[in-house]
Amino acid sequence: MKSFLSALLLFAFFNQIDNARAQAYSFSTIAGAVGMSGTADGTNAAARLSFPTGMAVDTNGNVYFADRSGNSAIRKMTRDGTNWIVTTIAGSSAFGFRDGTNSGAIFNTPGGVALDKAGNLYVADVNNHCIRKMVPDGTNWIVTTIAGGGTAGGYVGLQGAADGTNRSARFFQPVRVAVDSETNIYVADYLNNAVRKVVPDGTNWVTTTIAGVMGSGGNVDATNNSARFRAPNGTAFDSAGNLYVSDAGSNNTLRKLTPDGTNWVVTTIATGFSTPACVAIDRFDNIFVADVSNHRIKKLTSTGTDWIVTSIGGNGISGSADGVGSAAQFNRPDGVAVDAAGNVYVGDSVNRTMRLGKPLPALQLSLANGQTILSWGIWPTNFVLESTGDFSPTHVWSLVNAHVETTNQQNSVTLPTQTENSFFRLKQF
């Protein structure tokens with residue numbers, strides 16, 4: 001019994017979570033410097049960002065994001081050990097329109113990016129009212145315009161509300177994009193109050209409206225053009241092919257678009273946001289939302305037909321502090337992405353930084369055959385088990401198990417039998 005009580009003290013010490021829905025995240029700043037705007041590429045705090053927003057993570061863990069306002073560029077963040085290297089892969093601090101390679105391309109306030117399975121990037125070029133495609137060519141990126149705009153060679157800042165092929169389609173501040181498994185592109189057409197679909201057809205791209213009515217705002221759950229949105233913003237797909245859209249205007253909701261044959265059925269699954277922006281979905285179909293005006297990152301977890309909404313970072317007060325959960329602070333976070341390991345990346349727009357939220361292990365205790373078992377959820381990161389005999393100011397952690405490796409199964413470790421007056425912790429390595 002003493003062993004079990006000591007282990008309970010361990011659980012109280014961690015103060016983590018009791019189930020997957022309450023998963024705790026530790027947020028740190030990995031690139032940029034708070035309040036320091038600029039265009040400089042560099043490592044960690046030496047990089048300068050302007051307004052990091054819509055982002056995507058590739059299978060190698062590289063993070064791509066739109067650096068919107070002052071830079072009007074597409075940036076890439078690459079891990080190098082414990083460091084993060086920021087580079088500009090397309091665009092520059094110039095504002096305008098031009099297709100081209102790397103810095104030869106010019107954007108006008110890009111809002112979000114998405115990756116297809118071939119590694120191509122798609123960009124919502126907000127104030128050019130068009131969709132751009134970026135194709136990797138060795139170390140280069142070739143930028144072309146695939147939907148929206150005007151005549152070839154002309155300025156692409158032609159807003160409007162029309163379906164069509166290639167540049168005959170018209171958008172009005174398309175702000176985010178998502179890509180499905182068939183390389184169809186879905187666009188949150190912000191000021192048209194509609195969700196659009198851009199489908200490849202040979203070398204062409206055909207744009208149609210799948211939900212909402214262009215130019216007609218509202219808050220109606222329904223099918224196709226009977227539904228109404230007000231400034232749709234973030235977009236993301238789950239593993240079943242459902243599309244989630246943050247409705248960022250006065251609706252302040254998260255909407256779900258469920259495919260039904262050729263139709264799309266729109267429902268509202270969560271309310272209580274304040275200017276929800278980017279949406280990201282992890283491999284377990286948990287949804288992450290950048291709740292901009294609440295200065296929070298929220299997580300939605302399904303239970304049957306219901307959705308449980310929790311705040312995993314931020315406390316409603318603008319700031320820049322690193323920390324766990326509500327101890328972390330953000331200043332209008334506008335971008336969010338999640339990688340295969342469950343790490344959450346945040347474009348902390350007004351702070352001009354990139355933040356990383358690492359999931360902390362979900363600890364549970366049990367007794368089996370007279371032994372105390374410490375277990376935690378499925379997290380593809382590794383830990384060591386350490387112990388200490390007291391919590392005095394001079395206490396020292398001692399190594400118990402050097403390699404507590406995680407797998408895609410439930411993970412656990414048996415605590416030593418002599419645990420009276422002992423405390424334990426899992427430490428990430």
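Is Cys278 buried, partly exposed or exposed, and at what relative accessibility? In this predicted model, Cys278 has a relative accessibility of 5% and therefore counts as buried, the limit for that class being under 20%. Cys130 is buried as well, with a relative accessible area of 0%. The number of disulfides in the model comes to zero.

## Two open sheets

One open sheet consists of five antiparallel-paired strands in the order S7-S11-S10-S9-S8. Its edges are formed by strand S7, residues 100-101, and strand S8, residues 110-115, each of which pairs on one side only. Within this sheet, S10 covers residues 130-137 and S11 covers residues 140-147; seven bridges join the two strands, which run antiparallel. Arg132 is placed opposite Thr145 of S11. Cys130, the buried residue with 0% relative accessible area, falls within the residue range 130-137 of S10.

Another open sheet of five strands, again with antiparallel pairing, has the order S12-S16-S15-S14-S13. Here the edge strands are S12 (164-165) and S13 (174-179), each pairing on one side only. The pairings inside this sheet can be followed strand by strand. S12 and S16 run antiparallel and are joined by two bridges, with Thr165 opposite Val206 in S16. S15 and S16, also antiparallel, are connected by seven bridges, and Val198 stands opposite Thr207 in S16. S14 (residues 185-189) and S15 (residues 194-201) share five bridges in an antiparallel arrangement. In that pairing, Ile185 faces Val198 of S15. Val198 thus has a partner on S14, Ile185, and another on S16, Thr207.

Two hairpins belong to these pairings. The hairpin of S14 and S15 has four residues between its strands, and Asn193 in the turn has a positive phi of about 55 degrees. The hairpin of S15 and S16 has two residues between the strands, and Gly202 takes a positive phi near 65 degrees.

As a general point, side chains in a regular strand alternate between the two faces of the sheet.

## Loop residues

Several residues outside the strands can be described by their backbone angle, their accessibility or their surroundings. Asn224 is located in the loop between strand S16 (204-211) and strand S17 (232-237). Its phi is near 55 degrees, a positive value in a residue other than glycine. Arg352, in the loop between strand S27 (344-348) and strand S28 (353-359), likewise is not a glycine and has a positive phi of about 60 degrees.

The relative accessible areas of four loop residues are set out below.

| Residue | Relative accessible area | Class |
|---|---|---|
| Asn224 | 19% | buried |
| Arg352 | 24% | partly exposed |
| Asn251 | 13% | buried |
| Ser422 | 14% | buried |

Why are Asn224 and Arg352 placed in separate classes? Asn224 is buried because its 19% is under 20%. Arg352, at 24%, is partly exposed because this class lies between 20% and 50%.

Asn251 occupies the loop between strand S18 (243-247) and strand S19 (253-260). When neighbours within four places in sequence are left aside, Asn251 is in contact with Gly218, Asn219, Phe229 and Arg230. These contacts accompany a buried position, the relative accessible area of Asn251 being 13%.

Ser422 is part of the loop between strand S33 (411-414) and strand S34 (423-428). Ser422 and Thr388 lie 34 residues apart in sequence, while their C-alpha atoms are 5.8 Å apart in space.

## The largest pocket

How much space lies in the largest pocket? The volume is about 1,200 Å³. Its lining comprises 46 residues, and those nearest the centre are Ala56, Val57, Leu115, Ile281 and Val338. By residue character, the lining divides into 21 nonpolar, 13 polar and 12 charged residues.

Several strands each supply at least two residues of this lining: S3 (52-57), S8, S13, S17, S21 (276-281) and S26 (333-338). Of these, S8 is an edge strand of the sheet with the order S7-S11-S10-S9-S8, and S13 is an edge strand of the sheet with the order S12-S16-S15-S14-S13. Leu115, one of the residues nearest the centre of the pocket, falls within the range 110-115 of S8. Ala56 and Val57, also among the residues nearest the centre, fall within the range 52-57 of S3.

Notes
Residues are numbered from 1 along each chain as its sequence is written. This is a predicted model: local features need pLDDT of at least 70, side-chain atom pairs count only at pLDDT 80 or more; totals for chains, interfaces and linings use all residues. Side-chain values use heavy atoms; hydrogens and water are left out. Two strands pair if DSSP finds at least two bridges between them. Buried means under 20% relative accessible area, exposed over 50%, partly exposed in between (1.4 Å probe, protein chains only). Contact means heavy atoms within 4.5 Å. On a 1 Å grid over the protein atoms alone, a cavity is a set of points where a 1.4 Å probe fits but cannot get out, and a pocket is an open set with protein on both sides within 12 Å along at least five of seven lines; lining residues have an atom within 4 Å of a point. Grid points are joined across faces, edges and corners, and a volume is the space filled by probe spheres set on the points. Ala, Val, Leu, Ile, Met, Phe, Trp, Tyr, Cys and Pro count as nonpolar, Asp, Glu, Lys and Arg as charged, and the others, Gly among them, as polar. A disulfide is a pair of cysteine sulfur atoms within 2.5 Å.
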